[in-house]
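Work through the exercises below with the sequence and the model in view, and try each task before you read its solution.

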Amino acid sequence: MTADSPTPRPATIAVTAGRPPHEPDQPLNTPIVMAATYVAGGDLEYGRYGNPTWTALEDTLGALEGGRCLTFSSGLAAVSTVLDLVGQGGTVVAPAHSYTGTLLQLADLESRGRIQVRLVDITDTAAVAAACDDAALVWFESPTNPALEIADIEAIATAAHEAGAYVVVDNTFATPLLQQPLSLGADIVVHSATKYIAGHSDVQMGAIMTADDALYGVLKGRRDLLGAIPGTFEAWLTLRGVRTLHLRVERAQANAADLAGRLAEHPAISQVRYPGFGAIVSVVLADGAAAADLFCHRTELWIHATSLGGVESTLERRRRWKAEPSTIPEGLVRLSVGIEDVEDLWTDLEAALQHVTSRGSSTPALD
Ligand SMILES: *Cc1c(COP(=O)(O)O)cnc(C)c1O
């Protein structure tokens, strides 16, 4: 790109960013650079401080979110690096419904006297604003996992900044294509790149983005020191995944919207939660936990598995996890809609639901 070329749009960034220069005999793709150390005198020096394969991925992800990016060995490594910014005894405001690993980290830090945690209903903007008083950091996801509630990012960011708190948004569910929290006032964006960004359920990867150079420097220093760096092969695989992010998200989202509508009509389902964008749909089975478990075990195309954001469709009953908040219904099943043909996905769901309905009436006591 020359200095006066137009700013590329997201689909173009996903495909073109982070590539070697267009010069004879340069590879089109950044190679996997396996290096624990470098010849002295340059910027990299040592493998824990930097790697050209990470840089290619970070340039791409940073451009998509509108900031600078640091990648990590997992989403939770990115989460812990950000939470490490909070000073001793500082207060963190977070939604009661969040990714369980994040909630467990917050609870762990609080139980050891490191931080104080204020859990809020992230849809209640006024209550969140009130909770920001004296807080060091406001942390939230939108949509939330697995309740799929939506936060008013802009209003919360304004209130948090008035109170002097940093704003961190976990943008894993929305992806940088559907929502860019930095442009809405967030200071830091966090991703489990394990999910949509890598997109093939074969890599663990985390990312942090910020448009604040000072914050970037602090976070880079924390990564250098704490050492939760990504593997080089994983960085390469993740970048390969990003090349099709826009196509995968477009297709998965179209499938999800279609299935959400069909599921809402089904008598075995008492509630469908779909915020109108993204590819996660949560449904509540009318007959509760046993029906939800049966549903998850009866699909054939849909794989019963935790996690989300892969090309393949998966589902799970969230309350099977002890750490899941008790306010999440026992019969809630979270569907991660993939990119298969939507008719095949529906046929499989309908057959599994049919089984739940017929079993439910003949054998009421399922265990
Ligand atoms: C999976 C997930 C994480 C944690 O990421 P890992 O890569 O599993 O460590 C954090 N936030 C959200 C919203 C997630 O879905």
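**Exercise 1.** Find how many residue pairs are in polar contact across the interface of domain 1 and domain 2, and describe the side of domain 1 that takes part.

*Solution.* Across this interface there are 10 residue pairs in polar contact, both residues at pLDDT 80 or more, where a polar contact is a pair of N or O atoms within 3.5 Å, and within protein one must be able to donate a hydrogen and the other to accept it, while residues adjacent in sequence count only if both atoms are side-chain atoms. On the side of domain 1 that touches domain 2, at least two residues each come from helix H1 (10-16), helix H4 (100-111), helix H7 (175-178) and helix H9 (232-242), helices being DSSP runs (H or I, at least four residues) numbered from the N terminus.

The model is predicted, local features need pLDDT of at least 70, side-chain atom pairs count only at pLDDT 80 or more, and totals for chains, interfaces and linings use all residues. Residues are numbered from 1 along each chain as its sequence is written, and side-chain values use heavy atoms, with hydrogens and water left out.

**Exercise 2.** Determine which atoms of Leu76, Asp170 and Lys195 approach the ligand.

*Solution.* Begin with Leu76, where a backbone N or O atom lies 2.8 Å from an oxygen atom of the ligand. Turn next to the side chain of Asp170, which has an N or O atom 2.6 Å from a nitrogen atom of the ligand. Finally, in the side chain of Lys195, an N or O atom is 2.7 Å from an oxygen atom of the ligand.
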